[in-house]
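Subject: Structure for you to look through

Hello,

Here is the structure I promised. Please open it beside this email and follow along.

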Amino acid sequence: MGVRKIVTYPAEILEQPCEPVTVFDKKLARFLDDMYETMIEFDGVGLAAPQVGLNKQIAIVDLDDEEGTIELINPEIVKVAGEQIGPEGCLSFPGLFGEVARPFFVKVKAFDRKGKQYTIEADDFLARALLHEIDHLHGILFTSKITKVLSEDELEGVGDE
Ligand SMILES: [Zn+2]
């Protein structure tokens, strides 16, 4: 399938809690590959399944750093700490950026594409990206958390999630 179409707001699927994944098969692996291709095509740093029309707890994050592509299946936030306020965007809201407060640190438990559970700890921008994607899986959009909308010249190198 390759690159998929991005669901933009407003759309019901973006505001619904997603179903957990129960089957870790080739179809899931192919879907994750498609999500990656789609994220790269649209120049994002993260993508959640409902953003490509699938109501499942699947998301990816890739900041193009040494962490590589983080695949989050049925992710669960175990711990948060601190606070950060920074700019955020979303592929489902083209052209919209705003300041969003998030925890500075997050510890997440999730499954990989093979169904193996793992734990990831992240801070700063990676924590922000993980939390943004996990919100998507609960039908929570970053627009509900924006404290200040940012104009284009207030932005420098902000990634879409
Ligand atoms: Zn988003």
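Start with Asp-135, which sits in helix H2. Keep in mind that the model is predicted. Is Asp-135 buried or exposed? It counts as buried, because 20 C-beta neighbours lie inside 10 Å and the cut-off for buried is 20 or more. Leave aside its neighbours within four places in sequence, and Asp-135 is in contact with Ile-140 and Phe-142. Arg-30 is another matter. Asp-135 and Arg-30 are 105 residues apart in sequence. In space, their C-alpha atoms are 23 Å apart.

Stay in helix H2 and find Glu-133. The UniProt annotation "active site" covers this residue, and the entry is unreviewed. That label comes from the record, and such annotations may be inferred rather than shown by experiment. Why does Glu-133 count as buried? It has 25 C-beta neighbours inside 10 Å, so it meets the cut-off of 20 or more. Which residues does Glu-133 touch, not counting those up to four places away in sequence? They are Gly-46, Ala-48, Ala-59, Val-61, Leu-72 and Glu-161.

Now the sheet. It is open and has 5 strands. Their order is E1-E2-E3-E6-E7, with antiparallel pairing. Which strands are at the edges? They are E1 and strand E7 (117-123), and each pairs on one side only. On average, neighbouring strands are turned by 35° against each other, direction ignored.

Go through some of the pairs:

- E1 and E2 are antiparallel and share 3 bridges. Ala-48 has Ala-59 in E2 as its bridge partner.
- E2 and E3 also run antiparallel, joined by 4 bridges. Ile-58 has Ile-73 in E3 as its bridge partner.
- E6 and E7 pair in the antiparallel sense over 7 bridges. Phe-111 stands opposite Gln-117 in E7.

Two helices go with this sheet. H1 packs on it and touches E1, E2 and E3. The direction of H1 makes about 45° with that of E2. H2 lies across E1, E2, E3, E6 and E7. It runs at about 160° to E2.

Look along E2 next. In a regular strand, side chains alternate between the two faces of the sheet. Which residues of E2 point which way? Ile-58 and Ile-60 point one way, while Ala-59 and Val-61 point the other way. All four are buried.

Last comes the largest nonpolar core, which has 32 residues. Which of them touch the most other members? They are Leu-47, Ala-59, Ile-60, Val-61, Leu-72 and Leu-130. These elements give two or more residues to the core: helix H1 (26-41), strand E1 (46-48), strand E2 (58-61), strand E3 (70-81), strand E6 (105-111) and helix H2 (124-137). H2 gives the most, with 7 residues.

Pick out Val-61 before you close the file. Not counting residues up to four places away in sequence, Val-61 touches Val-45, Gly-46, Ile-70, Ala-129, Leu-130 and Glu-133. So the trail leads back to Glu-133, since a contact here means C-beta atoms within 7 Å.

Best wishes

Notes
Residues are numbered from 1 along each chain as its sequence is written. This is a predicted model: local features need pLDDT of at least 70, side-chain atom pairs count only at pLDDT 80 or more; totals for chains, interfaces and linings use all residues. A nonpolar core is a set of buried Ala, Val, Leu, Ile, Met, Phe, Trp, Tyr and Cys residues joined through C-beta atoms within 7 Å. A residue is buried if 20 or more other C-beta atoms lie within 10 Å of its own, exposed if 12 or fewer, and partly exposed in between; C-beta atoms are placed from the backbone. Two strands pair if DSSP finds at least two bridges between them. Axes are lines fitted to C-alpha atoms, for helices over the stretch in contact, and angles run from 0 to 180 degrees between N-to-C directions.
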